[in-house]
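Student: I would like a close look at a single part of this model, together with whatever in the rest of the chain bears on that part. Please take it step by step and keep the reasoning explicit.

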Amino acid sequence: MANPLRSEVVRLYKNLLYLGREYPKGGDYFRDRLRAAFTKNKSVQDPEQIKAMIARGEYVARELEALYYLRKYRAMKKRYYEDSKE
């Protein structure tokens, strides 16, 4: 794998690993799945395929960030806007 692509892959892996700490099923679950996904594709040599996989990984990272943001928003909303029906 070319050096620029390798650094992008490592950066993506570290970013996903960081984001996975707060995963709802647990950080260990996410880390194991992440490691398996990267290990499965480690033999890919085609730069275009690698770029496509990086793009998919970045999409997953954005989705995780949106998930966490939504969870925080819902928690704040629940704190400040409790239903007065009780």
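What follows is one request about one helix and one connected reply.

Student: Which residues of helix α3 are buried, and what share of the lining of the largest pocket comes from α3?

Tutor: Since this is a predicted model, what I say describes computed coordinates, and I will begin with the helix itself before turning to its partners. Helix α3 runs over residues 47-80, and at 1.5 Å a residue its 34 residues should span 50 Å, which agrees with the 49 Å that separates its end C-alpha atoms. Its buried residues are I50, I54, G57, A61, L64 and Y68, where buried means a relative accessible area under 20%.

One of these, G57, also belongs to the pocket: together with L16, L34, A37 and F38, G57 lies nearest the centre of the largest pocket, which is lined by 26 residues. The volume of this pocket is about 890 Å³. Helix α3 supplies eight residues of the lining, the largest share, although α1, α2 and α3 each supply at least two. By residue class, the lining divides into 19 nonpolar, two polar and five charged residues.

Next to G57 in the numbering comes E58, whose side chain meets that of R11 in a salt bridge, with 3.1 Å from N to O. Because R11 lies in helix α1 (residues 3-19) and E58 in helix α3, this pair ties together parts that are 47 residues apart in sequence. Both partners are partly exposed, R11 with a relative accessible area of 42% and E58 with one of 28%.

The count of salt bridges comes to two, and the other pair makes a useful contrast in its placing. The side chains of D28 and R31 meet at 3.0 Å, N to O, but here the two residues are three apart in helix α2 (residues 27-40) and are therefore separated by about one helical turn. R31 counts as partly exposed, at 31% relative accessibility.

Between α1 and α2 there is a loop, and K25 has its place there. K25 is exposed, with a relative accessible area of 59%, and its C-alpha atom is 27 Å from that of E8, a residue 17 positions away in sequence.

Finally, E8 and E58 stand at the two limits of an annotated range, for the UniProt record, an unreviewed entry, gives residues 8-58 as "domain: Complex 1 LYR protein". Over that range the chain is 75% helix and 0% strand, and the end C-alpha atoms are 10 Å apart. The annotation thus stops at residue 58, while helix α3 goes on to residue 80.

Definitions and conventions:
Residues numbered from 1 in each chain as written. Predicted model: local features only at pLDDT ≥ 70, side-chain atom pairs only at ≥ 80, totals over all residues. Heavy atoms only, no water. Helix = DSSP H or I, 4+ residues; strand = E, 2+ residues; numbered from the N terminus. Expected span 1.5 Å × (residues − 1). Buried < 20%, exposed > 50% of the residue type's maximum accessible area, 1.4 Å probe, protein only. Salt bridge = Lys/Arg side-chain N within 4 Å of Asp/Glu carboxyl O. 1 Å grid on protein atoms, 1.4 Å probe; cavity = no way out; pocket = protein on both sides within 12 Å on 5 of 7 lines; lining within 4 Å. Points joined across faces, edges and corners; volume = space filled by probe spheres on them. Nonpolar A, V, L, I, M, F, W, Y, C, P; charged D, E, K, R; others polar. UniProt positions renumbered as here; feature names shortened; annotations may be inferred.
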